Amino acid sequence: MTVLVVAQTENNKLKKVSLEAISAGRNIVEETKCRLIVLSFETISNAESLGALGAQKVVICETDNNSEQYANIISNFVSKEHITTVLFSSTSLGNDLAARVAGKVGAGVAFNCVSVDFIEGMIQAKKTVSNLLATIEFNSLISVATISPNTQKIKIFKRKTCPVEFSENLGSVLKTVVKERTSVTKKNLENAEIVVCGGYGVKEPGNFKMIDLLAEHIGGETGATKTAVEVGLADENKHIGASGKLINPLLYIGCGVNGSREHLDGIKTSRVIVAINKNPDAPLVQNADYVILDDMWRVIPSIISELEKEKFRKKSEN
Ligand SMILES: Cc1cc2nc3c(=O)[nH]c(=O)nc-3n(C[C@H](O)[C@H](O)[C@H](O)COP(=O)(O)OP(=O)(O)OC[C@H]3O[C@@H](n4cnc5c(N)ncnc54)[C@H](O)[C@@H]3O)c2cc1C
């Protein structure tokens, strides 16, 4: 039995979601004493230090950025190394690869899980569906799952280092390329410290610019409710909630967001929740730490105007 965690990186550093996927895999290792291998398609600085998170080996295989190629390489690796469980992070890429790999190796697949364990001789995954916790039992020989962000405690073990292999030939269609690294400073929604979320109350796609502007002024990322995404107010990758991204910011500001149970599930670990809404009975208003009970088209422009005045004042002082 071997667990494979397919890691995702940014500027040669493992993303937090991948550290969480390794921690989820480590649970199975503790339960079965099996091996844990981490596979990455980009070099990881200090890859050997992943031993401290429970990895027994790290394999780095630099290749073209192409989902089908990644999926072929992972599938070949699964057969070659007799992998029994493959874990990805619940990102757009992770969910995409999980579906492709499961199809290629004939595995069962579960998306957006909060845990995976080896119980009574089989892998079991748990995921939240609305406010229910569903258990998924795999009866396939190979199980594939994606792990939702902000669901795992990252554990550190006594073992400090592990071997790192650089492989150029894991897949039949493999071509190694030298990639130019770009420095991306913008954080993604799951790792953002400040999130400004627009709901259906935004009404028109053009109005969403105001939400973006507020986020920009306070150094945050923009998110949206499922309904806002469905009616085309915002992109799918901004969808927050039980069926979208689970976020964990220091500050969440919901603008024209009603606060359905599914949406609250995705924001409940936020340190401070602010609601800007004109309806005192909206569930987000009831659940927020701070409420601005007013029309957001009056509130948001005046916050932005105050922030701009403050910026101008600071500039003229220097
Ligand atoms: C299986 C399933 C999964 C789901 N998963 C998710 C999920 O992951 N995430 C998610 O978000 N939803 C999810 N939903 C949908 C969810 O049930 C709600 O329908 C949705 O969250 C409502 O979105 P909303 O708050 O943007 O819109 P609405 O419910 O229409 O609320 C709009 C709010 O804007 C306020 N408003 C309007 N105009 C203004 C204004 N000018 N100023 C201030 N306030 C204003 C209103 O008072 C209201 O509170 C799911 C539903 C199902 C069935």
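The following questions and answers concern a predicted model of a protein chain with a ligand.

Q: How do you know that strand 9 and strand 10 pair?
A: Two strands pair if DSSP finds at least two bridges between them. Strand 9 (residues 122-129) and strand 10 are joined over six bridges in the antiparallel sense, and therefore they meet the criterion of at least two. One of the residues involved is K126, whose bridge partner in strand 10 is T135.

Q: Why are strand 8 and strand 10 called edge strands?
A: The open sheet has three strands in the order 8-9-10, with antiparallel pairing. Strand 8 (115-119) and strand 10 (132-137) each pair on one side only. From one strand to the next, the twist averages 30°.

Q: What makes domain 1 and domain 2 neighbours in contact?
A: The chain is divided into domain 1 (2-166) and domain 2 (189-317), and their centres, taken over C-alpha atoms, are separated by 32 Å. Contact is judged between residues, whose C-beta atoms must lie within 7 Å. Nine residues of domain 1 are in contact with 10 residues of domain 2. On the side of domain 1 that touches domain 2, there are two nonpolar residues, six polar and one charged.

Q: How do you know which residues surround the ligand?
A: A residue counts as near if its C-beta atom lies within 6 Å of the molecule. The ligand is surrounded by 27 residues, and the closest are G199, Y200, G201, G241 and N258. At least two shell residues come from each of helix 5 (226-230), helix 6 (261-267), strand 16 (272-277) and helix 8 (296-317).

Q: What classes of residue make up the shell around the ligand?
A: The shell has nine nonpolar, 14 polar and four charged residues. Gly counts as polar, so G199, G201 and G241, among the closest residues, belong to the polar class.

Definitions and conventions. Residues are numbered from 1 along each chain as its sequence is written. This is a predicted model: local features need pLDDT of at least 70, side-chain atom pairs count only at pLDDT 80 or more; totals for chains, interfaces and linings use all residues. Helices (H or I, at least four residues) and strands (E, at least two) are DSSP runs, numbered from the N terminus. Axes are lines fitted to C-alpha atoms, for helices over the stretch in contact, and angles run from 0 to 180 degrees between N-to-C directions. Domain bounds come from an automatic or database domain assignment. Two residues are in contact if their C-beta atoms, placed from the backbone, lie within 7 Å.
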